Amino acid sequence: MSAIPARSAINDMLGVTSPRASTPMEFHDRISRGLPRTALRRVGRIAGVLPAELAGLLGVHMRTLTRAEKKKASPLDPVLSDRLYRFAQVVGRAAEVMESRDGGRRWLAAPQYGLGGRIPLALCRTEAGTHEVLELLGRIEDGSLA
């Protein structure tokens, strides 16, 4: 799979402050404890998706997202944290490869030849689809598919 975006960018996107994760194992531990609830709104805003679309991308009902945001004192559950982390990786990687957040948002929302004309955001609903999107971003970065 292609490289993940800079860990500092993922920390920033997810609102992870102290301690900041700097290795995959530290991200694992942070996700297992639950990411901050503010990460939902932050990642959605950076990705340029509405809350209802974010809920669909994360495989939860909008009510679940609304309830999660209201319980500010407690972290997200590990399953939702993991899904949000996975999506944040794609958003961050798209911004890196397209050289801006706006460029990454546009790329994620448009049909892509390298994905058989599918829209990357739609594929981010599953681990397999996410893998394909990250692979394509890696090929684009390497110049094997423009």
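Is D102 buried, exposed or partly exposed? Hold that thought for a minute. I will come back to D102 once the fold is in place.

First, the status of what you see. This is a predicted model.

Let's start with the overall architecture. The chain has nine helices and zero strands. Read from the N terminus, the order is α-α-α-α-α-α-α-α-α. So what about overall dimensions? For 146 residues, a compact globule would have a radius of gyration near 15 Å, and the chain has 15 Å, so the two agree. Along the principal axes, the C-alpha atoms fill a box of roughly 45 × 30 × 25 Å.

Next, packing. Of the 146 residues, 43% are buried. Now take the contacts between residues at least 6 apart in sequence. Of these, 61% join residues at least 24 apart.

On to the surface. The exposed area of the chain is about 7700 Å². Carbon and sulfur atoms supply 54% of that area.

Charges come next. There are 22 positive side chains and 15 negative ones. The centres of the two sets lie 10 Å apart. Side chains of opposite charge can pair when their charged atoms come close. How many salt bridges does the structure hold? Five. Let me walk through some of them.

Begin with R86 and E127. Their side chains meet in a salt bridge, at 3.4 Å from N to O. R86 sits in helix α6, residues 78–97, and E127 in helix α9, residues 127–142, so this pair ties together parts that are 41 residues apart in sequence. How covered are the two ends? R86 has 14% relative accessibility, so R86 counts as buried. E127 has a relative accessible area of 47%, so E127 is partly exposed. The cut-offs are simple: buried is under 20%, exposed is over 50%, and partly exposed is in between.

Stay in helix α6 for a moment. Y85 is placed there too. Y85 is at 12% relative accessibility, so Y85 counts as buried. Compare its position with R33. Y85 and R33 are 52 residues apart in sequence, and their C-alpha atoms are 13 Å apart in space.

Now back to D102, as promised. D102 is at 40% relative accessibility, so D102 counts as partly exposed. D102 has a salt bridge with R105, and the closest N and O atoms are 3.7 Å apart. Both residues lie in helix α7, residues 101–109. They are three residues apart, about one turn of the helix. R105 has a relative accessible area of 27%, so R105 is partly exposed.

D102 also forms a salt bridge with R106. Here the closest N and O atoms are 2.3 Å apart. D102 and R106 are four residues apart in helix α7, so about one helical turn separates them. R106 is at 52% relative accessibility, so R106 counts as exposed.

There is also a network to note. R93, E96 and E141 are joined into one by salt bridges that share partners.

To recap. The chain has nine helices and zero strands. Its radius of gyration is 15 Å, which agrees with a compact globule of 146 residues. One salt bridge, R86 with E127, ties helix α6 to helix α9. D102 pairs with R105, and D102 pairs with R106. Thank you. I'm happy to take questions.

How values were computed:
Residues numbered from 1 in each chain as written. Predicted model: local features only at pLDDT ≥ 70, side-chain atom pairs only at ≥ 80, totals over all residues. Heavy atoms only, no water. Helix = DSSP H or I, 4+ residues; strand = E, 2+ residues; numbered from the N terminus. Rg over C-alpha atoms; globule rule 2.2 N^0.38 Å. Buried < 20%, exposed > 50% of the residue type's maximum accessible area, 1.4 Å probe, protein only. Contact = heavy atoms within 4.5 Å. Areas by Shrake-Rupley, 256 points an atom, 1.4 Å probe, with all protein chains shown as cover. Lys, Arg positive; Asp, Glu negative; His and termini not counted. Charge placed at Lys NZ, Arg CZ, Asp CG, Glu CD. Salt bridge = Lys/Arg side-chain N within 4 Å of Asp/Glu carboxyl O.
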